[in-house]
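Please look over the sequence and the coordinates shown here before reading on. The report below describes how metal ions are held by the protein.

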Amino acid sequence: MKITIHRGINQIGGCITEIATANKRILIDLGQNLPDNKGIVEDNLANSPAIEMLTNGIEAIFYTHYHGDHIGLFHYVPDAIPQYIGATAKQVAICKHKQLSRIHGREELSERELSKLEKMRTFVPAQQITDIEGFTITPFFVSHSACDSFMFLIEAEGKRILHTGDFRDHGYLGKGLLPTIEKYIIKEKVDILISEGTMLSRLDERVQHEKELRKKVIEVMKRYKNVFVMCSSTDLERLATFHSAHNHFEKRPFVCDIFQQDVLNIFTETAGTKTDLFNFDKVYSLQYPIHSPNNTKLIDWMKDRGFCMLVRATKKFNQWLDALLPQLDSQETVLIYSMWPEYVNPDNAKHVKDDYLKFVERFPAIEKIHTSGHASAEALTDVCNLVNPTTAIIPIHSEHANHFGKLNITEALKLKIVTESTVIQDIEIKINTIKYKDEGKELAEEYEKKRKDNFKRRMNFFAILKKV
Ligand SMILES: [Zn+2]
Ligand SMILES: [Zn+2]
């Protein structure tokens, strides 16, 4: 057995993990590096030659969830390699990419992305996937800021590996985390735990439960009649926090645009059949352009009774605000900003997003209500202690993988933390610590060299043929 952490040991995002038996290899996630604060992605793996090299001989790719730092390179993968994702996650990803396809100049790329997404295979939670000879892969639901997120139990060559993906225990779905591990995963020993460690650089940060957020949101909604909300358009649990808080206020509409309504409809038809919390009924959408007569009735209702409206920092919403804000009493109007605070922190030059900052500054009042989509130190500790892997803990999705040892885990477990390449018993662990940029370059160069060699060989062959 060989485990390769292609990326993730020294960075958040761009996750790629490979698990290989003597004759078969699979990938868990094929993520793109996160964009910088200007929206620019630096990723030398983001091209077909590099991904063809990386996926050469791979049997299948399994995605934990639809965030770009886990799925982002999917459209470079050759069609012959099956790609798997949760069924609802697939629907959301298609919906999102249809929306992206409206961006001018992106038509061709979107067409390729959508065609690859349509072909993706789906799996059923807690049902074993045995399509790859010698492997049994079982996906289990986790709570994260993406809907339909999974951790994977991978069984092969008598070994059992738990890959957590991104997860947390402080969302509505988080209460299933430890019972799921207890019931399905530790019934037999786990050899290797591959765990996210995003919060390792913020060990002291106290995370709030989504329920606490909901209470705060209700308080704000009591104080303000006109509530705009800026949060991730595909974060099921956060959207449920706002929708369920809003339901405390009768006769105010819950408003968004058509794209967001499409996403909410997917949530209602899937997760919403299991709990009312995820049933986004009575959602009203404004149409483009804002002055369309179709919007008149809804806007009158909003002005009269107040509202909760989901917005994004885009050109369209800026235009909509140009029309809406002057019609509203500024004393009664607020934006609840519910994303990572550093994006709108003008003192954080590295992370501040100018378009976000300009957008939030348009509102007469701002309230910041947010909690992380990632596992807190306590959650990481609980998972490590419960899984209690026999051989190794490999921290990924972290800028401070070495901080794993600071968790309140047993001394025996601390000794099992692996952040460099090693061989333990009969498991080879290869951890790529080269910065992603150089790795991409290396792969691309190797590919180019092979291509040239092949070309030379072919030319020699023809030269010989000619002579004959
Ligand atoms: Zn991630
Ligand atoms: Zn994620």
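What follows is an account of two metal sites in a predicted model.

## The site of ligand 2

The zinc ion (ligand 2) takes its protein donors from H65 (NE2), H67 (ND1), H144 (NE2) and D166 (OD), which lie 2.1 to 2.4 Å from the ion. Along the sequence these donor residues follow the spacing H-x1-H-x76-H-x21-D, and the pair H67 and D166 links distant parts of the chain, since H67 sits in the loop between β4 (60-62) and α2 (68-71) while D166 sits in the loop between β9 (159-163) and α5 (177-185), 99 residues apart.

The angles among the four donor atoms of the zinc ion (ligand 2) run from 91 to 169 degrees, and the site is irregular; a tetrahedral assignment would require all angles to lie between 85 and 135 degrees.

## The site of ligand 1

The zinc ion (ligand 1) is coordinated at 2.1 to 2.2 Å by D69 (OD), H70 (NE2), D166 (OD) and H397 (NE2). This site, too, is irregular, with angles of 83 to 167 degrees among its four donor atoms.

The donors of the zinc ion (ligand 1) are spaced D-H-x95-D-x230-H in the chain. Because H70 belongs to helix α2 and H397 to the loop between β17 (392-396) and α13 (411-414), this pair ties together parts that are 327 residues apart in sequence. H70 counts as buried, at 1% relative accessibility, and H397 likewise counts as buried at 1%.

## The shared donor

The zinc ion (ligand 1) and the zinc ion (ligand 2) lie 3.3 Å apart, with D166 coordinating both. D166 counts as buried because its relative accessibility is 1%, where the cut-off for buried is under 20%.

Conventions
Residues numbered from 1 in each chain as written. Chains lettered and ligands numbered in written order. Predicted model: local features only at pLDDT ≥ 70, side-chain atom pairs only at ≥ 80, totals over all residues. Heavy atoms only, no water. Donors = N, O, S within 2.8 Å, 3.2 Å for Na, K, Ca; no water. Tetrahedral: all angles 85-135°; square planar, octahedral: opposite > 155°, others 65-115°. Helix = DSSP H or I, 4+ residues; strand = E, 2+ residues; numbered from the N terminus. Buried < 20%, exposed > 50% of the residue type's maximum accessible area, 1.4 Å probe, protein only.
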